[in-house]
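Here is a friendly walk through one chain, from single residues up to domains. Have a look at the model first, and then read on.

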Amino acid sequence: MTGKVKSGLQPDTILGHAGRDLTAHGGRAINPPVVRASTIVFDSLADWAAAAPRRMEPDFVQYGRFGTPTHFALNDAIAKLEGAHAALCLPSGLAAIVVTYLAFLGPGDHALVADTVYAPNRNTCTGLLARIGVETTFYDPSVGAGIAELIRPNTKLIFLEAPGSLTFEMQDVPAIAEAARARGVVTAIDNTWATPLYFRPLEVGVDVSLMAGTKYVVGHSDAMLGTLATTEAHYERIKKTSHELGYAVGPDDAWLALRGLRTLSVRLARHHESGLEVARWLAARPEVARVFHPALPGDPGHALWKRDFSGACGLFGFELKPVSEAAVAALVDGLELFGLGASWGGYESLVLPAHPEKLRTAVPWDGKGPILRLHVGLEDPGDLIADLEAGFERLRAAGG
Ligand SMILES: *Cc1c(COP(=O)(O)O)cnc(C)c1O
């Protein structure tokens, strides 16, 4: 048992075995230890001099900021899962997004970014990227191969997210990746929703696959983490950028992510089932205008989801028929099992109001009613439905 997972294994097996090199530490415990380190000492001046150029290697320990064996175990497991040359962990999902932009874009460059990306990602484009002279065009997520017409001579990066944040629009990822490759443009995708268990971006030609590991990888709402996986052609540039930004992940957080990974598949299967059960129930409610969930057969993105994805997580949204703010508050504030808070991907259910009308520019939002985003956790779905049903009663009593 060396932890050198052979190729050809199924993802569920990779989750159990990758990143567990028993020969790398003395105890032969099942799990790698948390290696906390800033300074790493060397035996000789010659060893020290030889170390610096090796920093870019995926598992070479030179200084704590560049990672310890705990980080390398996680990176290795993520790389195996993604089918990537190598992977990196970053201090947050947003940090992984920022590294991606700064690795491939500089003054005078142009980026194409899906209109439906995670809102803080948009803020990075209109803020940081604009300040350093990068122009961003937000594109309609339904563009497909039509992305080719938006590519300019100075377009260096296309950033995708499928399904989209808050409203869950699908994208034709393979078509966009193909159009980009044909023109030498790098593609990156935020794959937090599907994880590489349900969608494998690198297999359809995307260059960089990233996740907010904070969500399903960590899986227990107790650590912040980002992951980036990429091809040999792009790895060094990305790692160098992460070093230049000074990013470092705490080894305890890397260890929590590695622990979370072991159960990712069984948790996601349950999120998938329970999420769909709650989504179907919501779709039949008279108070609900529409449910945004690409795994529902009536969803506009269903055909793409079915073609490219093998599952869904527990995150989706729904639009209420127009009601007062007070009625929405009566529904949400009284929920007992859905916590009101940012993030998702933990074992627990969450609810959050969403406002795509404040964000979208390529495709102005056409909804009329308030939108709620749900994260369906690992609780019994019948109990979650009963909690929502009581919420709808409060909504009606409040005049909604
Ligand atoms: C939460 C989230 C992020 C950011 O992750 P953090 O770890 O919170 O920085 C990025 N993308 C998506 C889709 C997210 O949901």
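Ser221 is partly exposed, with 47% relative accessible area; here buried means under 20% relative accessible area, exposed over 50%, and partly exposed in between, computed with a 1.4 Å probe on protein chains only. Ser221 sits in the loop between strand S6 (208-212) and strand S7 (226-230), and its phi is near 55°, a positive value in a residue other than glycine. Helices (H or I, at least four residues) and strands (E, at least two) are DSSP runs, numbered from the N terminus.

Please keep in mind that this is a predicted model, in which local features need pLDDT of at least 70 and side-chain atom pairs count only at pLDDT 80 or more, while totals for chains, interfaces and linings use all residues. Residues are numbered from 1 along each chain as its sequence is written, and side-chain values use heavy atoms, with hydrogens and water left out.

Most residues other than glycine have a negative phi, and most peptide bonds are trans. The table gathers some backbone angles that depart from this.

| Residue | Angle | Place |
|---|---|---|
| Ser221 | phi near 55° | loop between S6 and S7 |
| Ser343 | phi about 75° | loop between S10 and S11 |
| Ala162 and Pro163 | omega about -5° (cis) | Pro163 in the loop between S4 and H6 |

Ser343 counts as partly exposed, at 27% relative accessibility. As for the cis bond, the loop that holds Pro163 runs between strand S4 (155-161) and helix H6 (173-182).

Two buried positions come next. Val99 belongs to helix H4 (residues 93-104) and is buried, at 0% relative accessibility. Beyond its neighbours within four places in sequence, Val99 is in contact (heavy atoms within 4.5 Å) with Leu90, Leu228, Ile238, Thr241, Ser242, Leu245 and Tyr247. Gly311, in the loop between helix H11 (302-308) and S9, is buried with a relative accessible area of 0%. Leaving aside neighbours within four places in sequence, Gly311 touches Trp193, Tyr198, His272 and Trp305.

Which residues of helix H12 (residues 325-333) are buried? They are Ala327, Val328, Leu331 and Val332. These residues cover an arc of only 130° around the axis, so they lie on the same side of H12; the arc is that of the directions from the helix axis to the C-beta atoms. Glu325, Ala326 and Asp333 are exposed on the other side of H12. The cover over the buried residues of H12 includes strands S9 (315-320), S10 (339-340), S11 (350-354) and S12 (371-375), together with helix H13 (381-397).

Helix H3 (residues 69-82) packs with helix H9 (residues 251-262) at an angle of about 35°, and their axes are 8 Å apart. Axes are lines fitted to C-alpha atoms, for helices over the stretch in contact, and angles run from 0 to 180 degrees between N-to-C directions. From H3, the contact includes Thr70, His71 and Leu74, and from H9 it includes Pro251, Trp255 and Leu261. The contact residues divide into eleven nonpolar, two polar and no charged; Ala, Val, Leu, Ile, Met, Phe, Trp, Tyr, Cys and Pro count as nonpolar, Asp, Glu, Lys and Arg as charged, and the others, Gly among them, as polar.

Finally, the domain assignment gives domain 1 (11-262) and domain 2 (264-397), with bounds that come from an automatic or database domain assignment. The domain centres, taken over C-alpha atoms, are separated by 28 Å, and 39 residues of domain 1 are in contact with 41 residues of domain 2.
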